Amino acid sequence: MSVEDLCGTERGYRYGCRCRPCTDAHRQLIAEQKADRLARAAADPSIVPHGTTSGYINWDCRCDPCTDAYSQSRGKRPTKVKPTNRRWTPREAELVMQDVPLQALAEALGRTYNAVLTKRYLQRRGADSSKAVPS
Ligand SMILES: [Zn+2]
Ligand SMILES: [Zn+2]
């Protein structure tokens, strides 16, 4: 039996064939396995491995522990910061001008990266133009 005999089936894919019919057969099998898994999870949620990337990817679970595990595996945690129109306090305006990474500052202030970036830019520009006499 050779790869040609298996072509167009999931086994062809497992033998290393990546032609369209083999890939489709493989995809279909994965989809069927996933559907089966999700059906079992719906019947018994306790079988889902919560707090793992597998729970998130293979079981489509979006609970907090699974989402955390998944985002950590991707190297970052989700930041849920919405743009805000909150006025800048003098204290915040001061912080923005300090030599702190913008991303860290944005998180500390609960503002978006862009908001902090813009604020710093505007303040820098304002500060520069207010200097009547260049040194
Ligand atoms: Zn094939
Ligand atoms: Zn979960």
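Helices and strands are taken here as DSSP runs, at least four residues for a helix and at least two for a strand, numbered from the N terminus.

**Entry 1: overall fold.** I began with the pattern along the sequence, and for the protein chain I read α-α-α-α-α-α-α-α. My tally for the chain is 8 helices and 0 strands. I note that this is a predicted model.

**Entry 2: confidence.** I looked up the mean pLDDT of the protein chain, which is 87, with 88% of residues at 70 or more. I then asked where in the chain confidence is lowest and where it is highest. The lowest mean, 78, belongs to helix H1 (residues 3–6), and the highest, 95, to helix H3 (residues 20–43).

**Entry 3: helix H3.** I checked the length of H3 against expectation. Its 24 residues should span 34 Å at 1.5 Å a residue, and the C-alpha atoms at its ends are 34 Å apart, so the two values agree. I also looked at how well H3 is covered, and found that it hardly is: 2 of its 24 residues are buried.

**Entry 4: burial and contacts.** For the protein chain I recorded 135 residues, of which 13% count as buried. I next took the contacts between residues at least 6 apart in sequence; 16% of these join residues at least 24 apart.

**Entry 5: nonpolar cores.** Which residues make up the largest nonpolar core? I listed 6 residues: Val 48, Tyr 56, Trp 59, Cys 61, Cys 66 and Ala 69. Apart from this core I found another, of 5 residues, including Val 96, Ala 106, Leu 109 and Val 116. Returning to Trp 59, I set aside its neighbours within four places in sequence and found it in contact with Arg 37, Leu 38, Ala 41, Val 48 and Ser 54.

**Entry 6: Asp 60.** I located Asp 60 in the loop between helix H4 (53–57) and helix H5 (64–73). Its phi is near 55 degrees, a positive value in a residue that is not glycine. Most residues other than glycine have a negative phi. I class Asp 60 as partly exposed because it has 13 C-beta neighbours inside 10 Å, and the exposed class ends at 12.

**Entry 7: Thr 9.** I placed Thr 9 in the loop between H1 and helix H2 (10–14). Is Thr 9 buried, exposed or partly exposed? Thr 9 is partly exposed, since 16 other C-beta atoms lie within 10 Å, whereas burial would require 20 or more. Lastly, I compared Thr 9 with His 26: the two are 17 residues apart in sequence, and their C-alpha atoms are 7.5 Å apart in space.

Notes:
Residues numbered from 1 in each chain as written. Chains lettered and ligands numbered in written order. Predicted model: local features only at pLDDT ≥ 70, side-chain atom pairs only at ≥ 80, totals over all residues. Core = buried A, V, L, I, M, F, W, Y, C linked by C-beta atoms within 7 Å. Contact = placed C-beta atoms within 7 Å. pLDDT = per-residue confidence, 0-100. Expected span 1.5 Å × (residues − 1).
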